[in-house]
Amino acid sequence: MAEPTLWRNTRLATLTDDTDWGLIDDGALLVDSGKLAWVGALRDLPPALRHTVAREVDLGGALVTPGLVDCHTHLVYGGQRAREFEMRLQGASYEAIARAGGGIRATVAATRAASDGQLLQSARKRAAALLAEGVTTLEIKSGYGLSLQDERRCLSVARALGNDMPLTVCTSFLAAHALPPEFDGRADAYIDAVCAWMPVLQGEGLIDAVDAFCENIGFTPAQTRRVFETARSLGLPVKLHAEQLSDQGGATLAASFGALSCDHLEWLSEAGVQSMRASGTVAVLLPGAYYYLRETRLPPIASLRLAGVPIALASDHNPGSSPGLSLLLMVNMACTLFRLTPLEAVLGVTAHGARALGLGDRGRLRTGLRADFAVWDLEHPNELAYGFGYNPCRRVVAGGIDLSS
Ligand code: NIG
Ligand code: FE
């Protein structure tokens, strides 16, 4: 990695601003010490930099984009919920299954029963599938442990993935995901516990951001506020599962805490859009969950667009509402189901996904940013949105490291 490498003979989709693809033909990337030391057309490479090049890689004209960012996943858990899928196909609703003790609670039981090794091994396989499709930055939430020790185990597995694999992993503490059985009927006492665990796990270096599930079948806005107040007192950024199944005013609440993102948003009101605009909060849309729960109410895309709220996309990988492992499928679905343009959808899994994680050092191909990029067997970046069900990713470079070598 230390030797400056020139990646040349490519078509670059730089995405340097949000208005077009930023295509550069016969492009080159000079990578030094894990960063993009120079980006442009090869003929414009200054001779002084050309002399620093120790190694050259000819990409044969292939398309290069920034490495993809999956900014919302629940990747660490035990078990699976295929039986629930069958029940939902026979008419049972997601809410009814959750209220009957299935849903998230079923995964909590399976996660608690799994060993650390099992959790790590299954999460590693999932992360590897995402990485093979060009993902270089991955957010992972806790939320299937729901005790101090089990939340710690899940966050530690996420950290271990970030250390073992050539990926950046950002962790979100989502203990306010569901009420664990030992707190039945005592949701406020559970929130007290969540707030007490937060500084402990932060002290162990396990938390990058704090999330909550503000919903009829999750936690109330008042309970969510208490979680956010604790996060703020600890200097931790917040994000929220907001307005997925009903309008709880969660987005406005989250925006008042300067949230990095509000996610799902099918029931987001116009007031919520305006709050997010004012606070610069990213709208993370999750077409996988919309599709898999067979929702019919669309997020307010036109309002978000008009207000200039940045839109990101993520897999929301989880065993209940979105058990898929293809971020590119989300790009395609965001276009077909949500009517995003291919450019909006690709920005959603690059620059805007990075912003949803508070990361300003990636998501575009620009001098000074991290050398995270993907090489594709494609001619134009709009093909990332066009196809589905196959993987056109040929090569992935993360922090300057070529993962294919
Ligand atoms: O993002 N909405 C809450 N959490 C997950 C689903 C979790 C589950 O069903 O296990 C989501 O869709
Ligand atoms: Fe989620």
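In which strand does His264 lie? In this predicted model, His264 belongs to strand β10, which covers residues 261-264. The backbone at His264 has a positive phi of about 90°, although the residue is not a glycine. Such a value deserves notice because most residues other than glycine have a negative phi. His264 has a relative accessibility of 2% and therefore counts as buried, the limit for that class being under 20%.

The overall architecture of the chain may be described next. The chain contains 16 helices and 15 strands. Its radius of gyration is 21 Å, close to the 22 Å that the globule rule gives for 405 residues, so the chain is as compact as a globular protein of that length. Along the principal axes, the C-alpha atoms occupy a box of roughly 70 × 45 × 40 Å. Of the 405 residues, 59% are buried. Among the contacts with a separation of 6 or more, 71% are made by residues 24 or more positions apart.

The surface and the charges were also examined. The chain exposes about 15000 Å², and carbon and sulfur atoms supply 53% of this area. The chain carries 36 positive and 43 negative charges, and the mean positions of these two sets are 2 Å apart.

An iron ion (ligand 2) is bound by four protein donors, namely NE2 of His72, NE2 of His74, NE2 of His241 and OD of Asp316. These donors lie 2.1 to 2.4 Å from the iron ion. The spacing of the donor residues in sequence follows the pattern H-x1-H-x166-H-x74-D. His241 is located in strand β9 (residues 239-242), whereas Asp316 is located in the loop between β12 (311-313) and α13 (327-336), so this pair ties together parts that are 75 residues apart in sequence. Both of these donors are withdrawn from the surface: His241 is buried, with a relative accessible area of 3%, and Asp316 is buried, with a relative accessible area of 1%.

A further residue examined was Tyr94, which is placed in helix α3 (residues 94-99). With a relative accessibility of 13%, Tyr94 counts as buried. The C-alpha atoms of Tyr94 and Glu84 are 8.6 Å apart in space, and the two residues are separated by 10 positions in sequence. When residues up to four places away in sequence are set aside, Tyr94 touches Arg81, Arg88, Ile104, Ile217, Leu245, Leu293 and Ser321.

Another positive phi was found at Leu15. This residue, which is not a glycine, has a phi of about 50°. Leu15 is situated in the loop between β1 (5-13) and β2 (23-32), and its relative accessibility of 0% places Leu15 among the buried residues.

Leu15 is also one of the contact partners of Thr350. Thr350 is found in the loop between α14 (342-348) and α15 (351-356). Like Leu15, which is buried at 0%, Thr350 is buried with a relative accessible area of 0%. Beyond residues up to four places away in sequence, the contacts of Thr350 include Pro66, Gly67, Leu68 and Val69, together with Gly363. The contact between Thr350 and Leu15 thus joins the loop between α14 and α15 to the loop between β1 and β2.

Terms used. Residues are numbered from 1 along each chain as its sequence is written. Chains are lettered from A and ligands numbered from 1 in the order in which they are written. This is a predicted model: local features need pLDDT of at least 70, side-chain atom pairs count only at pLDDT 80 or more; totals for chains, interfaces and linings use all residues. Side-chain values use heavy atoms; hydrogens and water are left out. Helices (H or I, at least four residues) and strands (E, at least two) are DSSP runs, numbered from the N terminus. The radius of gyration is taken over C-alpha atoms; the globule rule is 2.2 Å times the number of residues to the power 0.38. Buried means under 20% relative accessible area, exposed over 50%, partly exposed in between (1.4 Å probe, protein chains only). Contact means heavy atoms within 4.5 Å. Accessible areas come from the Shrake-Rupley method with a 1.4 Å probe; for residues, only the protein chains shown count as cover. Lys and Arg count as positive and Asp and Glu as negative; His and the chain ends are not counted. The place of a charge is taken as NZ of Lys, CZ of Arg, CG of Asp or CD of Glu. Donors are N, O and S atoms within 2.8 Å of the metal (3.2 Å for Na, K and Ca); water is not among the atoms, so sites may look incomplete.
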